[in-house]
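Visitor: I have some time with this model and would like a tour. Could you walk me through it by question and answer?

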Amino acid sequence: MTLGKIFHLVHITDDLPALESWYDDVFSVRRGWMDHQYAESEQRDASLVTLADVVIEPLAPAFRVDGWDRYPLGRFYNRFGNHWHSIAWYCEDAQPYWQLMRENGIRVFGPAGGQSDEPPAPGSPVFTHPKDTITQIQFDPPRESRSRDPRLHPEYDPQWWLTEHPLGLHGLSYTTVLTRDLARGEHIFADILGGDVLERSISELTGTDDVYVRLGEAVVQLSKPTSDRGIAADDLAASGEIHHAACFRVADLDRAEEYLASKGIKTSARDDQTILSLPETTHGAVFRWTTRVIPGGTSPD
C-alpha cells in the first residue's frame, strides 16, 4: 500500500463565497474542477482550489438546509468554528486501508459518517475517526473526479507561484497536527500508516516539540505544545488534538511578509526562518510561511 499526493486539506468556514474570494485574491488559486458543489449526503457546500502543489477544499455546512448541524461537518463547525478540518491522500485502493485501520482498532467510515462492517465499494473513499488518528484522514482511491485534478495534467506548472506570483511560493512544506502524545502520533503516522520519520526537533517560535513524518508525497508535522502560550497552545486548549496548520515554503521571508501584509494578513510571530500568521486574518485557519527546507521533505525547489 502506498499513499500518493495529498488530495486536499479541508478549510471549514461559515462564509464560503468570502473564503473563496480570499483564496482568489491572495493566492490566485486555480479553479474549475469543483466549484460550489452541494453534497446532500454531507449537507455541505464546497469547492476545490489548487495552490502550487496542494489542493485546498474551502467548505461550509449547508446552513440553509434544516438539520445541517446533525451531520459530521456541521457538528465540527459548531464545535470548532472556522478551522482546518482534515487531510486527504490519494491512494490506489482504499480497501486495504479500511482493513489496516480496523486491524489497529481505528474506526473507519464511509461518506457522511456512515459506519459499516463491510469493506467499501470499489472506488469509494474511506475516512478515519478523528479521535483515533488525531485528525480525520481520508483515503481516496481513483475515481472520475481525479481526472480533473490540474496537478495531474502535463501543462500544469506549480512553479508559477514561485516565479510569477508576488508571494514567491515553492509549495507546501508540511501540514501540522496537534497532539498531546507524540509517541502515539508517531505510532499512527509512521508505524501504522508507514510514514518515514524525517526529524525530531524543538521550536521556540511555535512553542512545540515536533516530529516530522513523510507520508506519501507530503510531510506531516506532529506537534506537542511545551507551554501554555502561543497559537499552537491556544488551539490545543480550545480544540484538543486537531489538524492545526499548513506551512508553505517561500523564497524570501521578508518579501512574503510584505505581500501578506498588503492583503491584510498580520504576523503573529516570526524568527529568521518562519512567519506565523494571525488566524483571525486568515479565516480562522493557521498558516505559516518558511524558508526552511526539511531534509527529506517534499516542497519543490
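What follows is a conversation about strands, turns, rings and empty spaces in this predicted model.

Visitor: Let's begin with β5. Why is strand β5 described as largely enclosed by the rest of the structure?

Guide: A good place to start! Residues V54, I56, P58 and A60 point one way from β5, while V55, E57, L59 and P61 point the other way. Buried means under 20% relative accessible area, and both of these sets meet that mark. Strand β5 (residues 54-61) is largely enclosed by the rest of the structure because its buried residues number 8 of the 8.

Visitor: Which residue of β5 is the bridge partner of V10?

Guide: Strand β1 (residues 3-12) runs beside β5, and the two pair in the parallel sense over 4 bridges. Within that pairing, V10 has as its bridge partner in β5 the residue E57.

Visitor: And which residue of β5 is the bridge partner of R44?

Guide: Here we turn to strand β3 (residues 44-46), which pairs with β5 in the antiparallel sense over 3 bridges. R44 has a bridge partner in β5, namely P61.

Visitor: Which residue in the turn of the β4 and β5 hairpin has a positive phi?

Guide: Strand β4 (residues 49-51) pairs with β5 in the antiparallel sense over 3 bridges, and L51 stands opposite V54. The hairpin has 2 residues between its strands. Most residues other than glycine have a negative phi. The turn residue with a phi of about 55 degrees is A52.

Visitor: Is A52 buried or exposed?

Guide: A52 lies in the loop between β4 and β5. The limit for buried is under 20% relative accessible area. A52 has a relative accessible area of 0%, so A52 is buried.

Visitor: How does S28 fare: is S28 buried, partly exposed or exposed?

Guide: S28 is found in the loop between α1 (16-27) and β2 (37-39). S28 is not a glycine, yet has a positive phi of about 50 degrees. Partly exposed covers the range between the buried limit of 20% and the exposed limit of 50%. With a relative accessible area of 26%, S28 is therefore partly exposed.

Visitor: On to the rings. What kind of aromatic pair do Y174 and Y212 form?

Guide: The structure holds 20 aromatic pairs. Y174 and Y212 have centres 5.4 Å apart, with 85 degrees between the planes. The pair links distant parts of the chain, with Y174 in strand β10 (residues 169-178) and Y212 in strand β12 (residues 208-215), 38 residues apart. Planes over 60 degrees apart count as edge-to-face, so the pair of Y174 and Y212 is edge-to-face.

Visitor: What kind of aromatic pair do Y156 and W161 form?

Guide: Both Y156 and W161 are buried. Their rings are 6.2 Å apart, centre to centre, with 45 degrees between the planes. That angle is neither under 30 degrees nor over 60, so the pair of Y156 and W161 is tilted.

Visitor: The charged end of which residue sits over the ring of Y38?

Guide: Let me give you two charges over rings. R30 lies over the face of W160, at 4.4 Å from the ring centre. For Y38, at 4.9 Å from the centre of its ring, we find the charged end of R64.

Visitor: Now the empty spaces. How much space lies in the largest cavity?

Guide: A search of the whole structure finds 1 cavity of 30 Å³ or more. Its lining consists of T206, I231, A232, H244, L276, V286 and R288, which divide into 4 nonpolar, 2 polar and 1 charged. Helix α7 (231-239) and strand β17 (286-290) each supply at least two of the lining residues. The space in this largest cavity is about 40 Å³.

Visitor: Last one: which element gives the most to the lining of the largest pocket?

Guide: The largest pocket holds about 1200 Å³ of space and is lined by 47 residues, with P72, L73, H85, F127 and Q136 nearest its centre. That lining divides into 22 nonpolar, 15 polar and 10 charged residues. Elements that each supply at least two residues include β1, β5, α2 (72-80) and β6 (83-91). The element that gives the most, with 6 residues, is α2.

Note on methods. Residues are numbered from 1 along each chain as its sequence is written. This is a predicted model: local features need pLDDT of at least 70, side-chain atom pairs count only at pLDDT 80 or more; totals for chains, interfaces and linings use all residues. Side-chain values use heavy atoms; hydrogens and water are left out. On a 1 Å grid over the protein atoms alone, a cavity is a set of points where a 1.4 Å probe fits but cannot get out, and a pocket is an open set with protein on both sides within 12 Å along at least five of seven lines; lining residues have an atom within 4 Å of a point. Grid points are joined across faces, edges and corners, and a volume is the space filled by probe spheres set on the points. Ala, Val, Leu, Ile, Met, Phe, Trp, Tyr, Cys and Pro count as nonpolar, Asp, Glu, Lys and Arg as charged, and the others, Gly among them, as polar. Rings of Phe, Tyr and Trp (its six-membered ring) pair if their centres lie within 6.5 Å; planes under 30 degrees apart count as stacked, over 60 as edge-to-face and the rest as tilted. Buried means under 20% relative accessible area, exposed over 50%, partly exposed in between (1.4 Å probe, protein chains only). A charge sits over a ring if NZ of Lys or CZ of Arg is within 6 Å of the ring centre and within 35 degrees of the ring normal. Two strands pair if DSSP finds at least two bridges between them.
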